[in-house]
Amino acid sequence: MKPCSRPLDPIDAAALAAGEPPVLAADAADHVRLCPSCASAVSDAGNLCLALDRLAEPLAEPVAELPAAGVETTDIADRVLLLRPFSRRERRDFRLWRGPLLLSLALFLSGLVCLTLPGISAREQAGLAAAALAPLAALLAAAGRSLAELVRVWPDGLGVLSQALQAQRTLGVVLLLLLAPAFFGLTRALARSRR
């Protein structure tokens with residue numbers, strides 16, 4: 001069999017074997033009809049899915065051997081995990097995120113209902129809001145104190161660093177040279193975050 005010049009992605013092969021539309025290449029089904037190598041990959045993916053489905057079925061008879069003490073037996077379907085990142089199409093697919101979105105919406109609406117119930121007075125609602133904002137206020141106060149301490153210590157720290165680098169000139173030159181790759185890495189990270 002001649003190797004394919006554009007081999008099919010395993011995700012698309014598994015999708016086609018399951019009768020689903022391809023995930024990555026939209027024309028994968030047409031390509032499989034023309035390419036025997038990729039048709040074989042789809043067939044292999046289908047056979048693998050069938051074999052895994054057969055392994056996941058409960059046994060008709062109990063296993064004769066008992067497991068070692070302290071070892072739990074679980075179904076193989078519970079142990080087999082497919083770990084891969086979501087594709088762009090999967091990230092935009094509502095069917096995949098429907099459960100978490102509906103749970104978030106339900107939590108939001110139940111919180112809204114709890115706040116509008118007549119059992120909670122306006123004074124209690126204000127108290128709850130103040131209790132929720134208290135940790136944020138403490139965090140902002142601590143950040144302000146840390147910033148004030150940093151500004152106060154900054155000149156002394158620079159003076160000590162300058163004296164240390166004057167005493168160890170080689171160390172100072174090495175540290176200055178190390179700033180170049182750090183600056184390069186920072187610019188690349190910033191460029192990636194803007195994309």
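Accessible areas here come from the Shrake-Rupley method with a 1.4 Å probe, and for residues only the protein chains shown count as cover. With that in hand, here are some notes to read beside the structure.

1. **What you are looking at.** This is a predicted model, in which local features need a pLDDT of at least 70, side-chain atom pairs count only at pLDDT 80 or more, and totals for chains, interfaces and linings use all residues. Residues are numbered from 1 along each chain as its sequence is written, and side-chain values use heavy atoms, with hydrogens and water left out.

2. **Confidence.** The score called pLDDT is the predictor's confidence in each residue, from 0 to 100. Its average over the protein chain is 77, and 81% of the residues reach at least 70. Where should you be most careful? Confidence is lowest in helix α4 (residues 76-79), with a mean of 53, and highest in helix α8 (residues 169-194), at 84.

3. **Overall build.** The protein chain contains 8 helices and 0 strands. Helices (H or I, at least four residues) and strands (E, at least two) are DSSP runs, numbered from the N terminus. Following the sequence, you will meet the pattern α-α-α-α-α-α-α-α. A contact means heavy atoms within 4.5 Å. Of the contacts in the protein chain between residues at least 6 apart in sequence, 40% join residues at least 24 apart.

4. **Surface and interior.** About 16,500 Å² of the protein chain is exposed, and carbon and sulfur atoms supply 67% of that area. For single residues, buried means under 20% relative accessible area, exposed means over 50%, and partly exposed is in between (1.4 Å probe, protein chains only). Buried residues account for 9% of the 195 residues in the protein chain.

5. **The largest nonpolar core.** A nonpolar core is a set of buried Ala, Val, Leu, Ile, Met, Phe, Trp, Tyr and Cys residues joined through side-chain atoms within 4.5 Å. Which residues make up the largest one? There are 9 residues in all: C4, L8, A13, A28, V32, C35, C38, V42 and A45. Helices α2 (28-34) and α3 (36-56) each supply at least two residues of this core, and α3 gives the most, with 3 residues.

6. **C4 and H31.** Try zooming in on C4 next. Leaving aside residues up to four places away in sequence, C4 touches H31, C35, S37 and C38. Its partner H31 sits in helix α2. Is H31 buried or exposed? H31 counts as buried because its relative accessibility is 17%. With the same sequence neighbours left out (up to four places away), H31 touches C4, R6 and C38.

7. **Salt bridges.** A salt bridge is a side-chain nitrogen of Lys or Arg within 4 Å of a carboxyl oxygen of Asp or Glu. How many salt bridges does a search of the whole structure find? The search finds 2. In one, R33 pairs with D30, and the closest N and O atoms are 2.8 Å apart. Both R33 and D30 lie in helix α2, 3 residues apart, about one turn of the helix. R33 is exposed, with a relative accessible area of 65%, while D30 is partly exposed at 43%.

8. **The pair in helix α7.** The side chains of R152 and E149 also meet in a salt bridge, at 2.7 Å from N to O. R152 and E149 are 3 residues apart in helix α7, so about one helical turn separates them. R152 counts as exposed at 55% relative accessibility, and E149 is partly exposed at 41%.

9. **A nonpolar surface patch.** Patches are made of residues with over 30% relative accessible area and no salt bridge, where like charges are joined within 9 Å and nonpolar side chains (Val, Leu, Ile, Met, Phe, Trp, Tyr) within 5 Å. L147, L150, V151, W154, L158 and L161 form a nonpolar patch on the surface, with about 630 Å² of accessible area together. Among them, V151 lies in helix α7 (residues 122-167) and is exposed, with a relative accessible area of 58%.

10. **S162 and G172.** S162 also has its place in helix α7. This residue, S162, is partly exposed, with a relative accessible area of 34%. S162 and G172 are 10 residues apart along the chain, and their C-alpha atoms are separated by 9.0 Å.
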